[in-house]
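Biologist: Could you take me through this structure slowly, and explain the words as you use them?

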Amino acid sequence: MVSSNQTARVTEFLFSGFPQSEDGSVFFFIPLFIIYTFIIVGNLVVFFAVRMDSRLHNPMYHFISVFSFLEIWYTTATIPKMLSNLISKHRTISMIGCLLQMYFFHSLGNSEGVLLTTMAIDRYVAICNPLRYPTIMTSRLCAQLSAGSCIFGFLVLLPEIAWISTLPFCGPNQIHQIFCDFEPVLRLACTDTSGVLVEDVIHAVAIVFSVMIITVSYVRIIVVILRIPSGEGRQKAFSTCAAHLGVFLMFYGSVSLMYLRFSATFPPALDTAIALMFAVLAPFFNPIIYSLRNKDMKIAIKKLLCSW
């Protein structure tokens, strides 16, 4: 919708990344609804299993529970609106709604990225400096790191969103994506779009910096693990890192495909597939990875489910 006074001004955006036929929309609605339900239930189960089992009250599981909690809200920022658009003839979102969706989706994503980096450092200290680990990773420090990840994730994006809110949008108003994202929205601004390149550079630096810290941590971890003389000891050490490494690869792999391409353009269908990968599929697999790859977590989940 465009209002017309002296200059036309966009008041809402139209999503064009959804199937146009009604049958196609229903076909995508059902699996997306099932996936979203599983994400919410799965992450709630992981969160409460950690909180209610005293054996899991340690830094590694604390960070996993916080990550699961963030995943619930990360997906809730976009998927309910996707579901609504799939069954609605008017696939629109207001300007304020779009800004809020971008803010919460990326703030929660940033918080998860910082938390994954923190988890890698935690595993590094646990395996490379086990004697000092209990005195370094205290419960107080874990709480501070978790809170700091969330505070940083939400504060760092405020200037960006404030800047976008000041840009003039005078048409067209079609977002070629299934949710509000920086690049598709910025390309609709009726002003110099060189800001898109600035956005790409900011995202690239943040992603590469986090990936470098996690990669260096795991290279050091693997070197230490390979020096463990017993095969059983090596297997146990690897098992404590496998779940986090899997989540890291899935999260940053899909995010890198989306935000480290700069001026490269993909076909709309591939663009949508990549967006679904990091906004829907990665959160879907995370509870599975954490529960199936961890014996203690499986026991805690069974205990939680039996108590219900």
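What follows is a conversation about the aromatic pairs, the core and the empty spaces of this model.

Modeller: This is a predicted model, in which local features need pLDDT of at least 70 and side-chain atom pairs count only at pLDDT 80 or more, while totals for chains, interfaces and linings use all residues. Residues are numbered from 1 along each chain as its sequence is written, and side-chain values use heavy atoms, with hydrogens and water left out.

Biologist: Why is the pair of F179 and F278 called edge-to-face?

Modeller: Rings of Phe, Tyr and Trp (its six-membered ring) pair if their centres lie within 6.5 Å, and planes under 30 degrees apart count as stacked, over 60 as edge-to-face and the rest as tilted. The centres of F179 and F278 are 6.3 Å apart and their planes stand at 85°, so the pair is edge-to-face. F179 lies in the loop between β5 (174–175) and α8 (182–186), whereas F278 belongs to helix α11 (residues 268–292), 99 residues apart; helices (H or I, at least four residues) and strands (E, at least two) are DSSP runs, numbered from the N terminus. Both F179 and F278 are buried, and ring pairs link these two with Y74, F105 and Y259 into a cluster.

Biologist: What makes F27 exposed and F28 partly exposed?

Modeller: Buried means under 20% relative accessible area, exposed over 50%, and partly exposed in between (1.4 Å probe, protein chains only). F27 has a relative accessible area of 59%, so F27 is exposed, and F28 has 43%, so F28 is partly exposed.

Biologist: Which residues have the most contacts inside the largest nonpolar core?

Modeller: They are F13, F169, V185, F278 and M297, in a core of 86 residues. Helix α4 (residues 95–128) gives the most to this core, with 14 residues. A nonpolar core is a set of buried Ala, Val, Leu, Ile, Met, Phe, Trp, Tyr and Cys residues joined through side-chain atoms within 4.5 Å.

Biologist: How do you know how the lining of the largest pocket divides by class?

Modeller: Ala, Val, Leu, Ile, Met, Phe, Trp, Tyr, Cys and Pro count as nonpolar, Asp, Glu, Lys and Arg as charged, and the others, Gly among them, as polar. By this rule the lining of the largest pocket has 20 nonpolar, eight polar and two charged residues. A pocket is an open set of points on a 1 Å grid over the protein atoms alone, with protein on both sides within 12 Å along at least five of seven lines, and lining residues have an atom within 4 Å of a point. The largest share of this lining, 11 residues, comes from α9.
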